[in-house]
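Here are a few exercises to work through with the structure open beside you. Try each task before reading its solution.

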Amino acid sequence: MTGLFEHIDVGHELQPLRLTLSSEQVRAYAQAANMPGGRFFSDEAARQEGLPGQIVPGNMSMALFSRLLAESLPGMSIKHLSATFRAPVRPGQPIVVHGVVIEKHCTDRGDLVECDLVVENADGERWVTGTATVQLAAGPTATAREP
Amino acid sequence: MILDLHTHSEASEDSRAPVETYLKWLTRKRDVLPVDGIVLTEHRQWNPNADYRELEDQYGFLILRGAEVETDYGHILLYGVNDAIAQRFDFANVRLNAQEVVSEVARLGGIAVPCHPGRPTIGLCEHYATKPPLEGVVAIEALNGGSRKGENERVQELIDRYHYRSFGGSDSHLVSFVGICATEFDHDIRNGDDLVRALLTGGYRPVDFRDRLRQGT
């Protein structure tokens, strides 16, 4: 019997998320995450801070990475997640969250895969980049979602 | 010979890419990314002790080292870095004098070439709009794999006006972006001196493998 680890290979692309975050979603996330910065709540408050308008909290972009991993690699657990914020993510703009498996390791801590992760806009501009180390679920039941 | 002249490994604070994983990825993607080697251009630093010969032998890629420094004309890539260049400049200084960098690096045996010239604030185009052109620049990074829409296109104006030679690099900070843009040389490059000589004399051009990569996956 083989599990997900054996079925995915280096170069495997995770099922991309295509979405447009609404201003309300961003506000709700910031409120739930107890992130009081005005820039997460309205264009007006963001402009007072010198920004072009309301922006998505960095943690929310990282949450999108987590969602991408969870939906593409069912049953996985994240061991490490990092992000580099290259440009502000704004609500109301279509984004694509995608990733690819870049390495696999069998370790005494389990079967691990390394992924590159990206949030980009419709023109392919990379706004947030990241990496993740995830442990895949053991056993034959889990199946990777194909892009 | 094809080299990616602009890459960052995990030695740069904003990169998560181990050098060996770059090489494994390039090995795996060789049919769509026909790159023969990479140049590590870490941000604002030079480590005289870094040695990748074992990885070169193991994976069969050329690994050269340079640096990306920050100046009053934006970011500049340095190739052929040697002890004299490393002692002459504080690579961590984010306000280096660009003219000094270009002139002195050349005098000391290397070459300094502006990267991502079309990028706001840190690219040459914006600085040339308000300041005199730098003397002694022979080439610029006309194709940068991390550029936003329109940034690479802005560079052509500089090339036409100042007759700069052009090269390409991925500016990869993640493993899966290495080699997407690179430079094709007419002659083999075996070491840093060869690279400096080639960049000075010509016989190279930027190459873009992004379409091939998209079609090949």
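**Exercise 1. Find how many residues each chain brings to the contact between chain B and chain A, and how much area the two chains bury.**

Solution. Keep in mind that this is a predicted model. Start by collecting residues that have heavy atoms within 4.5 Å of the other chain. This gives 16 residues from chain B and 22 residues from chain A. Next, turn to area: the two chains bury about 1,600 Å² between them, and 50% of that lies on carbon and sulfur atoms. Finally, look at who contributes on the chain B side. Arg16(B), Arg148(B) and Leu174(B) lose the most area to chain A, together 31% of what that side buries.

**Exercise 2. Count the salt bridges and polar contacts between chain B and chain A, and sort the chain B side by residue class.**

Solution. A useful starting idea is that side chains of opposite charge can pair when their charged atoms come close. With a cut-off of 4 Å between nitrogen and carboxyl oxygen, the count between the chains is three salt bridges. One to display is the bridge from Asp123(A) to Lys149(B), where the closest N and O atoms are 3.5 Å apart. Then widen the search to polar contacts: nine residue pairs qualify, with both residues at pLDDT 80 or more. As for class, the side of chain B that touches chain A has four nonpolar, six polar and six charged residues.

**Exercise 3. Locate the largest cavity and name the residues that line it.**

Solution. Rolling a probe the size of a water molecule over the atoms shows where empty space is left. Keeping cavities of 30 Å³ or more leaves a count of one. The largest cavity holds about 50 Å³ of space. Its lining draws on both chains: Arg86(A), Arg126(A) and Thr129(A) on one hand, and Asp171(B), Ser172(B), His173(B), Leu174(B) and Phe177(B) on the other. Sorted by class, that lining has two nonpolar, three polar and three charged residues.

**Exercise 4. Describe the second largest pocket: its volume, its lining and the elements that supply it.**

Solution. Begin with the volume, which is about 360 Å³. The lining has 19 residues, and Ile63(B), Leu64(B), Arg65(B), Asn191(B) and Gly192(B) are the closest to the pocket's centre. Now map the lining onto secondary structure. Helix 2 (53-59), strand 3 (62-71) and helix 7 (192-201) of chain B each supply at least two residues, and strand 3 gives the most, with four. By class, the lining has ten nonpolar, three polar and six charged residues.

**Exercise 5. Trace the elements of chain A and find a salt bridge within one of its helices.**

Solution. Chain A has four helices and five strands, and from the N terminus on they run α-β-α-α-α-β-β-β-β. The C-alpha trace of this chain spans about 55 × 30 × 20 Å along its principal axes. For the salt bridge, go to helix 2 (residues 23-32), where Glu24(A) and Arg27(A) lie three residues apart, about one turn of the helix. Their side chains meet in a salt bridge at 3.6 Å, N to O. To finish, search the whole structure: the total over all chains is 21 salt bridges.

Definitions and conventions: Residues numbered from 1 in each chain as written. Chains lettered and ligands numbered in written order. Predicted model: local features only at pLDDT ≥ 70, side-chain atom pairs only at ≥ 80, totals over all residues. Heavy atoms only, no water. Buried area = accessible area lost by both parts, 1.4 Å probe. Polar contact = N/O pair within 3.5 Å; in protein donor to acceptor, adjacent residues only side chain to side chain. Nonpolar A, V, L, I, M, F, W, Y, C, P; charged D, E, K, R; others polar. 1 Å grid on protein atoms, 1.4 Å probe; cavity = no way out; pocket = protein on both sides within 12 Å on 5 of 7 lines; lining within 4 Å. Points joined across faces, edges and corners; volume = space filled by probe spheres on them.
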